[in-house]
Amino acid sequence: MTTTATQQELFVQSGLLTWEQSIKRATAFFDGISDEDLNREILPGKNRVVYLLGHLTAVHDRMLPLLGLGERLFPHLDELFVTNPDNASASFPLHPSCGNTGRRSTNA
């Protein structure tokens with residue numbers, strides 16, 4: 001089966017739309033979480049919510065150049081949220097563009 005350029009464009013548009021919708025859902029979820037809840041573990045001995053937010057942000061950021069959507073904005077998050085596991089005593093930047101303050105990081 002061969003695909004036409006129009007079919008390929010529709011596939012790409014569909015993928016990008018799904019990605020955008022997922023980002024919006026994640027943003028709505030994390031916007032509804034208190035700062036106290038951000039530091040809670042998902043389950044005892046498991047990652048904290050803030051770590052999952054950072055991990056999603058770092059992985060999302062890695063996808064931008066792969067998809068030809070621009071350069072990475074937050075490569076410094078890899079060490080904290082991709083190459084290393086959550087550490088309960090670690091202090092994470094809550095807003096990657098600031099490096100140490102703020103809260104939201106899924107607005108890419």
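With which side chain does the side chain of arginine 72 make a polar contact of 3.1 Å? The partner is the side chain of aspartate 61; a polar contact here is a pair of N or O atoms within 3.5 Å, where, within protein, one must be able to donate a hydrogen and the other to accept it, and residues adjacent in sequence count only if both atoms are side-chain atoms. Before going further, a word on the model: it is predicted, so local features need pLDDT of at least 70 and side-chain atom pairs count only at pLDDT 80 or more, while totals for chains, interfaces and linings use all residues. Residues are numbered from 1 along each chain as its sequence is written, and side-chain values use heavy atoms, with hydrogens and water left out.

Now the overall layout. The protein has four helices and zero strands, counted as DSSP runs numbered from the N terminus (helices are H or I, at least four residues; strands are E, at least two). Along the sequence that reads as α-α-α-α. Of the 108 residues, 27% are buried, where buried means under 20% relative accessible area, exposed means over 50%, and partly exposed is in between (1.4 Å probe, protein chains only). The accessible surface adds up to about 7,400 Å², and carbon and sulfur atoms own 59% of it; areas come from the Shrake-Rupley method with a 1.4 Å probe, and for residues only the protein chains shown count as cover. As for contacts (heavy atoms within 4.5 Å), 46% of those between residues at least 6 apart in sequence join residues at least 24 apart.

On the inside, the largest nonpolar core holds 12 residues, among them Phe30, Ile33, Leu38, Tyr51, Phe74 and Phe92. Such a core is a set of buried Ala, Val, Leu, Ile, Met, Phe, Trp, Tyr and Cys residues joined through side-chain atoms within 4.5 Å. Two elements, α3 (49-66) and α4 (77-81), give two or more residues each to this core, and α3 gives the most, with five. Tyrosine 51, one of the core residues, touches Leu80, Phe81, Val82, Asn84, Pro85, Asp86 and Phe92, leaving out residues up to four places away in sequence.

That list leads on to aspartate 86, which sits in the segment after α4. Aspartate 86 is buried, at 18% relative accessible area. Beyond its neighbours within four places in sequence, aspartate 86 is in contact with Lys46, Asn47, Arg48, Tyr51 and Phe92. With arginine 48 there is a polar pairing too: a polar atom of the aspartate 86 side chain lies 2.7 Å from the backbone nitrogen of arginine 48.

Back to arginine 72. This residue is in the loop between α3 and α4 and is partly exposed, at 24% relative accessibility. Setting aside residues up to four places away in sequence, arginine 72 touches Ala58, Asp61, Arg62, Pro65 and Asp78. Its C-alpha atom is 9.2 Å from that of alanine 58, which is 14 residues away along the chain. Histidine 60, 12 residues from arginine 72 in sequence, is also 9.2 Å from it, C-alpha to C-alpha. Histidine 60 belongs to helix α3 and is buried, with a relative accessible area of 12%.

Charges come next. Side chains of opposite charge can pair when their charged atoms come close. The whole structure has six salt bridges, each being a side-chain nitrogen of Lys or Arg within 4 Å of a carboxyl oxygen of Asp or Glu. Arginine 72 and aspartate 61 form one of them, with their closest N and O atoms 3.1 Å apart. Since aspartate 61 lies in helix α3 and arginine 72 in the loop between α3 and α4, the pair ties together parts that are 11 residues apart in sequence. Aspartate 61 is buried, with just 2% relative accessible area. Arginine 72 also meets aspartate 78 in a salt bridge (2.8 Å, N to O), and aspartate 78 is buried at 12%. Asp61, Arg62, Arg72 and Asp78 are linked in a network of salt bridges. Elsewhere, arginine 40 and aspartate 37 pair up at 3.2 Å, N to O; arginine 40 is partly exposed at 44%, and aspartate 37 is partly exposed at 30%.

Finally, the outside. Phe11, Val12, Leu16, Val59, Met63, Leu66, Leu67 and Leu69 make a nonpolar surface patch of about 770 Å². Patches are made of residues with over 30% relative accessible area and no salt bridge, with like charges joined within 9 Å and nonpolar side chains (Val, Leu, Ile, Met, Phe, Trp, Tyr) within 5 Å. Helices α1 (5-31) and α3 each supply at least two residues of the patch. Leucine 66, in helix α3, is exposed, with a relative accessible area of 72%.
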